[in-house]
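Colleague: I'd love a close look at one part of this model, chosen by you. Please go through it residue by residue, and give me the cut-offs as you go.

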Amino acid sequence: MLEVDKIDNNALFKLLRAESLELLEWHVLKEQISTFSSTSIGRKSITDFEVPQTIDESLELLRETIEIYNLEFEANIQISFNGFHDIKDKIDVCFKGGVI
């Protein structure tokens, strides 16, 4: 077992965080959840997602989740992402001065 007195808090936090994510198989969970996405950009957003570092970041994500829930379910609106396309590659070409 590690001697906590000899490790600074930041290093201990990083060590425990990494171990927790490994035990939870976070990367596997993200891959499984990403299969529910209807768009490639959604799948990438899920697989790139990292656990928030602070309580404020977590609370902001929770607020966003509640907002979309309220919009979709309480207002009886179904949000569909059908027809959305990832145009990031085209934007990158234009940003570099290319023409699409």
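Modeller: Let's start from a small detail: a polar atom in the side chain of Ser34 lies 2.7 Å from the backbone oxygen of Glu31. A polar contact here is a pair of N or O atoms within 3.5 Å; within protein, one must be able to donate a hydrogen and the other to accept it, and residues adjacent in sequence count only if both atoms are side-chain atoms. Please keep in mind that this is a predicted model, where local features need pLDDT of at least 70 and side-chain atom pairs count only at pLDDT 80 or more, while totals for chains, interfaces and linings use all residues. Residues are numbered from 1 along each chain as its sequence is written, and side-chain values use heavy atoms, with hydrogens and water left out.

Ser34 belongs to helix 2, the part I'd like to show you. Helices (H or I, at least four residues) and strands (E, at least two) are DSSP runs, numbered from the N terminus. With a relative accessibility of 5%, Ser34 counts as buried; that word means under 20% relative accessible area, with exposed over 50% and partly exposed in between (1.4 Å probe, protein chains only). Leaving aside neighbours within four places in sequence, Ser34 is in contact with Arg43, Ile46 and Thr47, contact meaning heavy atoms within 4.5 Å.

Now for the helix as a whole. Helix 2 covers residues 26-34, and its buried residues are Trp26, Lys30 and Ser34. Looking down the axis of helix 2, you find these buried residues within an arc of 70 degrees, so they line one face of the helix. The arc is taken from the directions from the helix axis to the C-beta atoms. A general rule helps here: an α-helix has 3.6 residues a turn, so residues three or four places apart point the same way. What do the buried residues of helix 2 pack against? Their partners are helix 1 (9-23) and helix 3 (40-48).

Lys30 deserves a longer stop. It sits in helix 2 and counts as buried because its relative accessibility is 9%. Its side chain reaches the backbone oxygen of Thr47 at 3.0 Å. Not counting residues up to four places away in sequence, Lys30 touches Ile46, Thr47, Asp48, Phe49 and Glu50. Two names here also appear among the contacts of Ser34, namely Ile46 and Thr47.

With Glu50, Lys30 forms a salt bridge, the closest N and O atoms being 3.5 Å apart. Lys30 is in helix 2 and Glu50 in the loop between helix 3 and helix 4 (55-74), so this pair ties together parts that are 20 residues apart in sequence. A salt bridge means a side-chain nitrogen of Lys or Arg within 4 Å of a carboxyl oxygen of Asp or Glu. Whereas Lys30 is buried, Glu50 counts as partly exposed at 43% relative accessibility.

For context, a search of the whole structure finds four salt bridges. Among them is Glu60 with Arg63, whose closest N and O atoms are 3.2 Å apart; these two are three residues apart in helix 4, about one helical turn. Another is Lys88 with Asp92 at 3.0 Å, both in helix 5 (residues 88-95) and four residues apart.

That leaves Trp26, which is buried with a relative accessible area of 19%. How many aromatic pairs does a search of the whole structure find? The search gives two. In one of them, the rings of Trp26 and Phe49 have centres 6.2 Å apart and planes at 50 degrees, so the pair is tilted. This pair links distant parts of the chain: Trp26 is in helix 2 and Phe49 in the loop between helix 3 and helix 4, 23 residues apart. Rings of Phe, Tyr and Trp (its six-membered ring) pair if their centres lie within 6.5 Å; planes under 30 degrees apart count as stacked, over 60 as edge-to-face and the rest as tilted. Phe49 is partly exposed, with a relative accessible area of 33%.

To pull helix 2 together: Ser34 contacts Arg43, Ile46 and Thr47, Lys30 has its salt bridge with Glu50, and the ring of Trp26 pairs with that of Phe49.
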